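Thank you all for coming. I would like to take a few minutes to go through one structure with you, and please hold your comments until the end.

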Amino acid sequence: MFRFANPARFLRLSAALLPWLWLASALLLGAGLVLALFVAPPDYQQGEAVRIMYVHVPAAWMASFVYAVMALASAVGLVWRHALADVAARAAAPLGAGFTLICLVTGSLWGEPMWGTWWVWDARLTSVLVLFFLYLGYIALVNAFDEPTRGARAGGILAIVGVVNLPIIKFSVDWWNTLHQPASVFRLGGPTIAAAMLWPLLVMALGFMAFFAALLLLRMRSALVAARIRALRLMAADAEAPVHPGPALGAAR
Amino acid sequence: MMAALHHFLAMGGYARFVWPAYGVAFAVLLWMLVDTLATYRRRRRELARLEPDAPARR
């Protein structure tokens with residue numbers, strides 16, 4: 001793992017990967033959209049409203065997955081003090097918040113015609129809302145410090161503590177009587193969803209994943225550029241420091 | 001042809017739920033892309049200004 005944690009090597013590797021990830025995103029999301037809107041059959045109970053599921057479920061999977069990535073990167077950053085891990089965690093957070101927002105809004109738009117309500121405080125919906133606030137809290141916390149390392153450390157602890165929410169989201173539909181239906185894809189005994197609906201869903205999910213990977217790498221590269229700018233500014237500020245420092249400062253040097 | 005398009009857009013009566021759902025998903029994904037690209041380009045320009053002699057990096 002540390003072989004890829006070297007920033008120079010990361011820049012080379014990500015530059016090589018990015019074109020392929022953009023291509024995969026475009027192809028998979030395009031194919032997923034066609035499959036979801038034109039090829040997948042209407043549901044026998046939900047009719048055409050089932051098509052909302054093809055964006056809702058991939059977004060929901062990404063919401064949890066990105067959080068796991070963020071927490072893992074934070075843990076690596078805290079334990080091994082590796083700067084690139086902190087950069088990854090910070091880069092992932094706004095993307096995770098975006099996926100969670102898609103999940104919440106599309107779920108609400110599906111809930112109104114199917115359940116007769118936009119929102120209900122059941123365990124699944126509430127725990128995903130908590131996930132959204134964890135992302136926002138993390139973003140606010142890492143940006144609350146002038147020094148990036150301290151912000152990453154404080155945010156990292158929040159991200160790791162928040163991991164407790166992930167199993168709650170996953171198993172909320174089994175542990176409590178929720179209005180939200182239980183899992184029909186990632187469950188013991190295999191998927192119960194019809195194949196004609198499973199394939200569009202998986203293609204769309206892979207598209208979301210490729211798009212996330214591309215954005216994550218680009219945001220990490222962007223953060224490395226920002227760090228370089230900060231270092232150059234500090235050097236410039238040092239060079240412009242007072243020409244005649246006071247005696248105490250002079251002695252310290 | 002028009003009838004088929006109409007039928008498709010109507011989404012079996014669920015148009016006002018299905019299309020906003022796809023619209024929001026598209027808008028958020030687009031926002032992620034635009035924000036990421038714009039920030040990256042702005043920083044690259046800033047870096048180029050600060051170190052004009054450095055070789056161009058991808």
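I will begin with confidence and the smaller chain's helices, then turn to the interface, the core and a few single residues.

What we have here is a predicted model, and its overall scores are an ipTM of 0.90 and a pTM of 0.91. For chain B in particular, the average pLDDT is 90, and 90% of the residues score at least 70. Keep in mind, as we go, that where pLDDT is low, the predicted coordinates should not be read in detail.

Let me start with chain B, whose secondary structure consists of 2 helices and 0 strands, and in which buried residues account for 16% of the 58 residues. Helix α2 of chain B covers residues 15-50, and because 36 residues at 1.5 Å a residue should span 52 Å, the 52 Å between its end C-alpha atoms agrees with expectation.

Which residues of α2(B) are buried? They are B:F17, B:V18, B:A21, B:A25, B:V28, B:L29, B:M32 and B:T36. An α-helix has 3.6 residues a turn, so residues three or four places apart point the same way, and you may want to read that list with this in mind. As for what lies over these buried residues of α2(B), the cover includes α2, α3 and α7 of chain A.

That brings us to the interface, where 30 residues of chain A are in contact with 25 residues of chain B. On the chain A side, the elements that give two or more residues are α2 (53-80), α3 (83-115) and α7 (195-239), and α7(A) supplies the largest share, 11 residues. Sorted by class, that side of chain A has 20 nonpolar, 4 polar and 6 charged residues.

Next, the core. In soluble globular proteins, nonpolar side chains tend to be buried together. In this model the largest nonpolar core has 77 residues, of which A:A59, A:A63, A:V66, A:M70 and A:A92 touch the most other members. The elements giving two or more residues to this core are α1 (7-39), α2, α3, α4 (123-142), α5 (148-161) and α7 of chain A, together with α2 of chain B, and α7(A) gives the most, with 19 residues. To take one of those well-connected members, A:A63 is in contact with A:G96, A:F99, A:T100, A:C103, A:V128 and A:L131, leaving aside its neighbours within four places in sequence.

Now a residue in helix α1 of chain A, namely A:V39. Is A:V39 buried or partly exposed? Because it has 13 C-beta neighbours inside 10 Å, A:V39 counts as partly exposed. A:V39 and A:A196 are 157 residues apart in sequence, yet their C-alpha atoms are 8.3 Å apart in space. Not counting residues up to four places away in sequence, A:V39 touches A:V34 and A:P200.

Finally, some backbone angles. Most residues other than glycine have a negative phi. A:R81, although not a glycine, has a positive phi of about 55 degrees; A:R81 lies in the loop between α2 and α3 of chain A, and it is exposed, with 12 other C-beta atoms within 10 Å. B:M11, also not a glycine, has a positive phi of about 50 degrees; B:M11 sits in the loop between α1 (2-10) and α2 of chain B, and it is partly exposed, with 19 other C-beta atoms within 10 Å.

Definitions and conventions. Residues are numbered from 1 along each chain as its sequence is written. Chains are lettered from A and ligands numbered from 1 in the order in which they are written. This is a predicted model: local features need pLDDT of at least 70, side-chain atom pairs count only at pLDDT 80 or more; totals for chains, interfaces and linings use all residues. Two residues are in contact if their C-beta atoms, placed from the backbone, lie within 7 Å. Helices (H or I, at least four residues) and strands (E, at least two) are DSSP runs, numbered from the N terminus. Ala, Val, Leu, Ile, Met, Phe, Trp, Tyr, Cys and Pro count as nonpolar, Asp, Glu, Lys and Arg as charged, and the others, Gly among them, as polar. The expected span of a helix is 1.5 Å times one less than its number of residues. A residue is buried if 20 or more other C-beta atoms lie within 10 Å of its own, exposed if 12 or fewer, and partly exposed in between; C-beta atoms are placed from the backbone. A nonpolar core is a set of buried Ala, Val, Leu, Ile, Met, Phe, Trp, Tyr and Cys residues joined through C-beta atoms within 7 Å. pLDDT is the predictor's confidence in each residue, from 0 to 100.
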